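This briefing goes through a protein model from its overall organisation to a few individual residues. Please keep the sequence and the structure in view while reading.

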Amino acid sequence: MTLRYIRPLTSGELLDFPFGLMRALWGRLLAITLAGSVPLAAAQILLILPTLTLLPLNEPMLAIAGVIPLILTRWPMFALALALQPLHALPRAATTLLIGSRICGRDISARAAWRASWPAGLKLVVLSVPMTVLHALTLVTLIGLPGLGILIWLFGLLPLLVRWGFVTEVVTLERAPLRAAFGRSAQLARGLLGRTTAHALVAETLLLVVTLAPIGLLFFLDILFSAGSSLYEAAALGVTGVMLLALRGWRPCWEVLSYFELRARREGLDIQMSLEGEQ
């Protein structure tokens, strides 16, 4: 298994192999998600949902335009929900350790991944604070500055996000100290930033298309058979939830695999010896 994954991969392999990893680990990934991510996400949704109902959700363009003013006028609930975001680093560290162990040829349980990942998870909670601010700035830029925001994101924020995109893997799998995590992540992406960015965009687009395709089909059936808006909305929400839960493990599998692929390109055969010392 190690020889299959820890080597320079083609673009097709980087998109295909995460599905195999996700299928093999799906039950354990789901257990970590239900234990860690779902309660946090539910708390965040409950904090901001009453405020979001003030938007004209039946008019998508007006709703998007009203997001920034709504955040500025009702900021306490949004700030509290944002403050909970770094805690997602705890289940993410467990997920990363689980996937990394599988890639290196060793299987561990979800409980073992939780126990072993706590030190790294606590470090990541601290490191997630600037990353959360950066993601919030990205969202505000894209919504608040139409057109110009896309350029700022594409040429400014996106390269920075890609450079720092492997901080979780560096801290969890290499046990790097806090002060070295961002530098190590940027070092892995250096010289391969364009390639890594292109793969990230393709991966996110693929995940979005796979997730939203059933919703598009339901929308088409609603138009074709006039099933009624309430029936469509309930079905769309149900399908969205099922698809998000079913594909929950694909992104972390892709991220961890991309991390190992970059290490294989930079460190070659020496990665085998270094991994034995780290794991």
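Read from the N terminus, the elements of this predicted model run α-α-α-α-α-α-α-α-α-α-α-α-α-α, and the protein accordingly holds 14 helices and 0 strands. Two residues are then taken up in turn, S128 in helix 7 and L245 in helix 12.

**Overall organisation**
- Of the 279 residues of the protein, 41% count as buried, while its accessible surface comes to about 14800 Å², with 72% of that area belonging to carbon and sulfur atoms.
- When contacts between residues at least 6 apart in sequence are considered, 75% of them join residues that are at least 24 apart.

**S128 and its surroundings**
- S128 has its place in helix 7, which spans residues 110–144, and it counts as buried because its relative accessible area of 17% falls under the 20% cut-off.
- A polar atom of the side chain of S128 lies 2.6 Å from the backbone oxygen of L124.
- Leaving aside residues up to four places away in sequence, S128 touches P86 and A89.

**L245 and the nonpolar patch**
- L245 is found in helix 12, covering residues 229–246, and it is classed as partly exposed because its relative accessible area of 36% lies between the cut-offs of 20% and 50%.
- Together with L34 and V38, L245 makes a nonpolar surface patch of about 230 Å².

Methods: Residues are numbered from 1 along each chain as its sequence is written. This is a predicted model: local features need pLDDT of at least 70, side-chain atom pairs count only at pLDDT 80 or more; totals for chains, interfaces and linings use all residues. Side-chain values use heavy atoms; hydrogens and water are left out. Helices (H or I, at least four residues) and strands (E, at least two) are DSSP runs, numbered from the N terminus. Buried means under 20% relative accessible area, exposed over 50%, partly exposed in between (1.4 Å probe, protein chains only). A polar contact is a pair of N or O atoms within 3.5 Å; within protein, one must be able to donate a hydrogen and the other to accept it, and residues adjacent in sequence count only if both atoms are side-chain atoms. Contact means heavy atoms within 4.5 Å. Patches are made of residues with over 30% relative accessible area and no salt bridge: like charges are joined within 9 Å, nonpolar side chains (Val, Leu, Ile, Met, Phe, Trp, Tyr) within 5 Å. Accessible areas come from the Shrake-Rupley method with a 1.4 Å probe; for residues, only the protein chains shown count as cover. A salt bridge is a side-chain nitrogen of Lys or Arg within 4 Å of a carboxyl oxygen of Asp or Glu.
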